[in-house]
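Reader: Show me the model, please. Then I will ask what stands behind each label.

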Amino acid sequence: MGPIINDYAWSRGGGGHSWSGPAQNALNGIARLFAEFITAAAGSARVCGIIGCVSDEPVAEILLDGLKRVEYRGYDSAGMATISGSRIRVKKGAGRITEIEQKHGLSSMKGNVGMAHTRWATHGGVTDRNAHPHTSCRETVAVIHNGIIENYLELKRGLSKKGHRFKSETDTEIIAHLVEREYLRSNDPLKAVTSAVKKLKGQYAVAVMFQDRPDTIIGARKDAPLLLGVADGKMFIASDILAFIEHTDRTVFLDNHEVVELTKDGYRIFGPKGSQVRRAPTQVAWELSDVSKTDFAHYTLKEIYEQPATVVSASMQDPRKLSEFASSVRKADSLFITASGTSYHAGLLLKFRLNKEAGLRCDVIVSGELREHTGFLRKGSVVIVLSQSGETADVLGAVKEAKARGAKILSIVNAAGSTLARESDIVLLLNCGPEVGVAATKSFTAQAVVVNLVADAVLGKKTNGMKELSEAVRDVLQVEPDVKRLAVKYSQRPDFYFVARGYQSPVALEGALKLKELSYIHAEGMAASELKHGTLALIEKGTPVVVVNPSGEAHAESLSSAEELKARGADVIGVSDQEDAVYAHTIKVPRVQPKFMPIIEVIPLQLLAYHAAVAKKNDPDYPRNLAKSVTVK
Ligand code: G6P
């Protein structure tokens, strides 16, 4: 396997994020390592974090650190359970992990076996009682869970009739009761969990502890990620590799319908029919610095600044896979692209190039809506799926529909071990490392690179110029002080607009999305041509409007739009390689090959959103109400 680019030697210097050596080494290093990771989020609720540990030493601090590492995915409550003195002890509550730690002293809980959880509420409000872990009637079984149990009301009614009493409003609690009931019958933890989960409909990743088995955790999964970490004298179960990466980089990914038994010395996996599955750990070599903020105030800013490296690592694709991907695209009877959120915007870039340059008809459909368009899907259809996490429920739902109709699934995904990657016929990885900030930044840039590699491969062209692109990305980051001034100036405005034409339109959409997510300012992105069909009515004195307008085909037309906006009082902010008097402010960006301009243009907009959030005292890493990976519909 050789790298697609051979014009750049990425140099690795001491301690920082620069790389050296031939590109192949870089591929074998950063890109491969990044490719192995999974940031898959799960969701007892929406996106929850699970971490469990069986060890020969106290686990409370290990679990607490793990919880902090998965905090980025968003949560409203947290809790922990350990076994000590033949009793399961649970401490939990609504609020931030640090507050819960202060109030309950999670880190001083005793026991060598334990599990912890961050919850994002779906069934049942944000209350102390609804936080996980949940216990059974006799408190002999404790459960943490990600996902949604669709038949929980029916199960709850049945259990209530048999005398079970519930302490919370969650769907999760019924699992604890079901397991307890099965355990009373079989006295076998593995059998108890296996038969309990067979009764569940919906999605789940669960970890279960038994009071009288202080050496064991049982896990099970269906449609929500769950993986194991194998360390000396310690075994982990988690929804996210980041939860245990400090202790081990040896990981075992679990498949749907598998149940696992974990002790401090090892693990046994059982398939849906009960037979044992042998699966050795995969090494996911990883540098801790990649998942820490290093010197940056926030992960989001760190990830924005990683983008000179992102473009290079994203471009390192296996040529055989890329050409297989491209040939499937060319041969498709019908072609669809699907994704959600930011990934959808990258999908629009791909559509543009496939339509305009390759003459291929294709539609981009947000994944949550694909179902409405499946009439066109059949054997011979190809669906290209973009996702950072590979776990977004809407995306996986779309894939399920498409597969059921015989379509081939080609995916572009960051998380190598994700459900999407496993469900796809061909996978191209983004290789951009873990993205912790809830708002996608570097993953968009990586997607913009990969979709261009795909479009070029479809066109039979070689992709060159990654070195120049990486340098241009480094240059455009210099605009930060100017962008920060603009962000502060406009941070109290109620509305913002972003407009562009053609291939730049997705950048306008992405700029607006970033601003909404991080600053909570109402923002709209649209094709500049649409302004006159409605939005101009909203422009008043001082309304900030970003016009993304590189030199080229559409430049003059977009300048006219800028004039129209200015005439109605707007403060026009031009993002362009060319200055113009019409702009109240120009964010000057370097010129690169037209196909890469969106990467150069989006970065100032990421910085604008970030600084507007900071100016408004919002937490840019964890925007309110949002989740990194929305694993339920
Ligand atoms: C969530 C995130 C967005 C992301 C979208 C799709 O809404 O907050 O930042 O763009 O999901 O995620 P994916 O992992 O499928 O790219």
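**Labels and their cut-offs**

Author: The structure holds 6 aromatic pairs. One of them is tyrosine 183 with phenylalanine 210, at 4.7 Å centre to centre and 50° between the planes. Tyrosine 183 sits in helix α5 (residues 173–186) and phenylalanine 210 in strand β7, 27 residues apart. The model is predicted: local features need pLDDT of at least 70, side-chain atom pairs count only at pLDDT 80 or more, and totals for chains, interfaces and linings use all residues. Residues are numbered from 1 along each chain as its sequence is written, and side-chain values use heavy atoms, with hydrogens and water left out.

Reader: Why is the pair of tyrosine 183 and phenylalanine 210 called tilted?

Author: Rings of Phe, Tyr and Trp (its six-membered ring) pair if their centres lie within 6.5 Å; planes under 30 degrees apart count as stacked, over 60 as edge-to-face and the rest as tilted. Here the centres are 4.7 Å apart and the planes stand at 50°, so the label is tilted.

Reader: What makes tyrosine 183 and phenylalanine 210 buried?

Author: Buried means under 20% relative accessible area, exposed over 50%, partly exposed in between (1.4 Å probe, protein chains only). Tyrosine 183 has 8%, so it is buried. Phenylalanine 210 has 0%, so it is buried too.

Reader: Why is the pair of phenylalanine 236 and phenylalanine 244 called stacked?

Author: Their ring centres are 5.6 Å apart and their planes meet at 25°, so the pair is stacked. Both phenylalanine 236 and phenylalanine 244 are buried. Elsewhere, Tyr490, Phe496 and Phe498 form one aromatic cluster.

Reader: How do you know that strand β8 is largely enclosed?

Author: Of its 6 residues (217–222), 6 are buried, so the rest of the structure largely encloses β8. Both faces are covered: Ile217, Gly219 and Arg221 lie on one side, Ile218, Ala220 and Lys222 on the other. Helices (H or I, at least four residues) and strands (E, at least two) are DSSP runs, numbered from the N terminus.

Reader: Which strands pair with β8, and over how many bridges?

Author: Two strands pair if DSSP finds at least two bridges between them. Strand β7 (residues 202–210) is joined to β8 by 6 bridges, antiparallel. Valine 206 stands opposite alanine 220 there. The two strands form a hairpin with 6 residues between them. On β12 (residues 259–263), 4 bridges join it to β8, again antiparallel. Isoleucine 218 has glutamate 261 as its bridge partner in β12.

Reader: What makes β5 and β14 edge strands?

Author: The open sheet has 7 strands in the order β5-β6-β7-β8-β12-β13-β14, with antiparallel pairing. β5 (134–135) and β14 (276–277) each pair on one side only. β5 meets strand β6 (residues 141–149) over 2 antiparallel bridges. Set against the minimum of at least two, those 2 bridges make a pair. Threonine 135 stands opposite alanine 142 in β6.

Reader: Now the backbone. Why is histidine 257 called partly exposed, and what is its phi?

Author: Its relative accessible area is 39%, so histidine 257 falls between the two limits. Its phi is positive, about 70°, although it is not a glycine. Histidine 257 is in the loop between β11 (250–253) and β12. Most residues other than glycine have a negative phi, and most peptide bonds are trans.

Reader: Is asparagine 431 buried or exposed?

Author: Buried, with a relative accessible area of 5%. Its phi is near 55°, also a positive value in a residue other than glycine. Asparagine 431 lies in the loop between β20 (426–429) and α13 (442–458).

Reader: Where is the cis peptide bond?

Author: It joins histidine 132 and proline 133, with omega about 0°. Proline 133 belongs to the loop between β4 (113–119) and β5.

Reader: What makes the approach of serine 343 to the ligand a polar contact?

Author: A polar contact is a pair of N or O atoms within 3.5 Å; within protein, one must be able to donate a hydrogen and the other to accept it, and residues adjacent in sequence count only if both atoms are side-chain atoms. A polar side-chain atom of serine 343 lies 2.6 Å from a ligand oxygen, so it qualifies. Threonine 392 also has a polar side-chain atom 2.6 Å from an oxygen atom of the ligand.
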